[in-house]
Amino acid sequence: MAAPAAVRSWRRAFAAFALLLQLHLIQLRGARSATFTIANSCGYTVWPGLLSSAGSAALPSTGFALAPGESRAVAAPAGWSGRLWGRTLCAADAATGRFACATGDCGSGDVQCNGGGAATPATLAEFTLDGSGGLDFYDVSLVDGYNLPMVVAPTTTASSTTASTGKCAATGCAAELNAACPAGLRVEAAADGGPVACRSACDAFGDAQYCCSGAYGNPNTCRPSTYSQFFKTACPRAYSYAYDDATSTFTCAAGSTDYTVTFCPAVPTSVKSTGQNPQTAGLPQQLNNGTTMVFFGGNTQTSAAAASANLLYAVTITVALALSGSALV
């Protein structure tokens, strides 16, 4: 009878070991929820900034430089939530050593953002990993304005219902919008007046109808405006205003999906209308606390005719990009 007892004991020990191994594998899988590969396809250096939401674990880096053609992988832990963006026209002040950027500056005075968020206007990629229903939620938002093209593309390692329903898909804004930006929203470099970013109507005018606040703080009263339609026409998958969820939120299976975030994906390489690299086009290489930007427009709205002309210009730009195979559809 000793042998069967030994066999039973061995089986129990093996089952316990298998259970521990399974739990360990689950922990390992959860510990690395996703990897973000951040790639720069622009013809100029981009300084990505990364910000964790309140309560989320810190990432290994909160900012770094990417030369043209470079990429860098950043591992995110399970349950991470936050955003990332690209900073442009950055340099350290020769006198103080303080680091600053003309667009997307995070106010840290350093290449690392160290908990600072992006100054508007900036194109944002937003993520919530391991969210409701075992899904990652992500989007590219122009609600805070736009400073450069950005696309987020998922790579999944396992089949899932989200992939088959089309909600696990590339999203973003591949179009170069700075040159087409309506005059009231345009941000230009003080050195030569070239456009470097495009503000949202909320940021430019502060009106509740554009900010979806006050009486406009719900999806029934806050509707798309002529200004948000400028962004939506050019970039139909990106958020254009606060309640743009239906067409702009994407989901993938948590724990089995990685993401590539690409700046300037197959579009003209400049943030300026001239088509030149902004760091060789006469723009200042030493920034003074972000004061090299000039905002145009104020708390006044353009006429209906002007707004329509701006929208037509955006449509023309989008069609041209589509015909060249460079627009995101």
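Start by selecting strand E6, residues 124–128: four of its five residues are buried, so the rest of the structure largely encloses this strand. Keep in mind that you are looking at a predicted model.

Now bring up the neighbours of E6. Select strand E4, residues 81–92, and you'll find an antiparallel partner joined to E6 by five bridges. For a landmark on that side, click glycine 82, which stands opposite phenylalanine 127 in E6.

Next, add strand E7, residues 135–141. E6 and E7 also pair in the antiparallel sense, over five bridges. Phenylalanine 127 is again a handy marker, as it stands opposite tyrosine 138 in E7. Follow the chain from E6 into E7 and you trace a hairpin with six residues between the two strands. Pause in the turn at aspartate 130, where phi is positive, at about 55°.

While phenylalanine 127 and tyrosine 138 are on screen, which other residues share their aromatic cluster? Show Phe36, Trp80, Phe250 and Tyr259 as sticks alongside Phe127 and Tyr138, and you have that cluster. For the wider picture, the structure holds twelve aromatic pairs. If you'd like to go through them, a pair of aromatic rings is described by the distance of the centres and the angle of the planes.

Stay with phenylalanine 250 and switch on lysine 167: this lysine lies over the face of the phenylalanine 250 ring, at 5.3 Å from the ring centre.

Last stop: select phenylalanine 64 together with arginine 72. Here arginine 72 lies over the ring face of phenylalanine 64, with 4.3 Å to the ring centre.

Note on methods: Residues numbered from 1 in each chain as written. Predicted model: local features only at pLDDT ≥ 70, side-chain atom pairs only at ≥ 80, totals over all residues. Heavy atoms only, no water. Buried < 20%, exposed > 50% of the residue type's maximum accessible area, 1.4 Å probe, protein only. Pairing = 2+ DSSP bridges. Phe/Tyr/Trp six-rings, centres within 6.5 Å; stacked < 30°, edge-to-face > 60°. Lys NZ or Arg CZ within 6 Å of the ring centre and 35° of its normal.
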